[in-house]
Amino acid sequence: MRVLLIGGSGQVGQALLDCKPDAVECIAPHSAELNLENREQVRQWIAHTRPHLIINAAAYTAVDNAEGEPERAFQINAAAVAALAAAAAEANARLFQLSTDYVFDGNAEAPYPETAACHPLSVYGASKLAGEEAVLELGRAGLVMRTSWVFSSHGSNFVKTMLRLGAERKELGVVDDQIGSPTPAGAIATALWQLADDENACGIYHLSGTPSCSWYTFAGQIFADATACRLLPQSPALSPITSAQFPTAARRPGWSVLDCSKLKLECGITQPDWRPALRAMIEELASQQAVE
């Protein structure tokens with residue numbers, strides 16, 4: 001199988017390369033080689049490589065910045081994805097698109113199934129939803145995987161932000177009224193490769209970690225592991241705060257837990273427990289620090 005991976009330098013993209021099956025020929029151009037905002041370049045790359053599958057792990061992910069530059073967010077997360085879908089159809093290729101829990105408004109009281117109505121609160125969420133719609137127009141050749149709170153030892157994420165702040169501050173307030181699910185990038189990558197082997201897999205799937213928690217609870221586990229692994233000498237004093245106490249340009253859903261039962265029922269893929277993956281990440285970072 002020949003796969004064109006877009007966004008190979010990101011968290012999920014790197015994880016996809018790390019666990020690539022031997023039978024897969026994976027082409028992963030750098031963003032300087034394949035600019036998603038250049039529609040003709042996208043078409044030419046796909047026409048030249050003739051992939052069986054395109055995985056788009058690239059996105060405009062600066063949630064707060066998107067509020068100030070919506071045109072660029074929609075260009076990358078929607079218009080470029082529509083161009084990918086058109087080129088995929090022309091090449092008779094499948095297209096896998098990563099999406100987000102931020103397509104929901106957070107007003108639910110139970111985990112969101114794939115069929116739940118989408119009402120994004122932010123430009124970022126709206127742009128990702130528009131990208132989803134373009135992929136789903138491919139019918140059985142299109143697949144959207146929504147996920148949330150992604151982390152890995154590669155790239156930027158909440159875990160690394162907390163570790164940096166924990167090294168700089170003795171006290172730290174973390175939002176406790178936004179509930180979601182941390183998700184290891186490696187688990188997303190493993191699931192995507194499994195879905196790549198399933199010709200019947202299409203439409204929308206949810207995959208996030210378990211158990212769900214608040215950012216405050218997540219931070220507490222990060223610091224517990226960081227001190228246990230001696231990545232940090234001590235944990236900062238954590239205080240739970242509300243979203244109102246930590247205003248941001250973009251509104252976040254207060255509840256964005258995803259129902260992942262469809263993926264297990266149809267494809268046999270279960271939700272990953274994020275806690276062992278977090279511990280492994282912290283241990284990896286601690287060993288790197290010890291070498292340095």
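**Figure 1. Exposed surface and charges of the protein chain in the predicted model.** About 13300 Å² of the protein chain is exposed, and carbon and sulfur atoms supply 49% of this area. The chain carries 21 positive and 32 negative charges. The mean position of the positive charges lies 2 Å from that of the negative charges.

**Figure 2. Overall fold of the protein chain.** Nine helices and twelve strands are present in the chain. Along the principal axes, the C-alpha atoms fill a box of roughly 55 × 45 × 40 Å. The radius of gyration is 19 Å, which agrees with the value near 19 Å for a compact globule of 292 residues. Of the 292 residues, 49% are buried. Among contacts with a separation of 6 or more, 81% join residues 24 or more positions apart.

**Figure 3. Close-up of E132 in helix α4.** Helix α4 spans residues 123–136 and includes E132. E132 has a relative accessibility of 2%; buried means under 20%, so E132 counts as buried. Leaving aside residues up to four places away in sequence, E132 touches S99, V103, V144, R146 and I204.

**Figure 4. Polar contacts made by the side chain of E132.** One polar contact joins the side chain of E132 to the side chain of S99, at 2.6 Å. Another links the side chains of E132 and R146, at 2.8 Å. Both S99 and R146 are also listed among the residues that E132 touches.

**Figure 5. Close-up of S256 in a loop.** The loop that holds S256 runs between strand β12 (237–241) and helix α8 (261–267). The relative accessible area of S256 is 1%; the limit for buried is under 20%, and S256 is therefore buried. With residues up to four places away in sequence not counted, S256 touches D101, Y112, W149, I179 and G180.

**Figure 6. Polar contact between S256 and D101.** The side chains of S256 and D101 form a polar contact of 2.7 Å. D101 is one of the residues that S256 touches, and Y112 and W149 are also among them. S256 itself sits in the loop between β12 and α8.

Terms used:
Residues numbered from 1 in each chain as written. Predicted model: local features only at pLDDT ≥ 70, side-chain atom pairs only at ≥ 80, totals over all residues. Heavy atoms only, no water. Helix = DSSP H or I, 4+ residues; strand = E, 2+ residues; numbered from the N terminus. Buried < 20%, exposed > 50% of the residue type's maximum accessible area, 1.4 Å probe, protein only. Polar contact = N/O pair within 3.5 Å; in protein donor to acceptor, adjacent residues only side chain to side chain. Contact = heavy atoms within 4.5 Å. Rg over C-alpha atoms; globule rule 2.2 N^0.38 Å. Areas by Shrake-Rupley, 256 points an atom, 1.4 Å probe, with all protein chains shown as cover. Lys, Arg positive; Asp, Glu negative; His and termini not counted. Charge placed at Lys NZ, Arg CZ, Asp CG, Glu CD.
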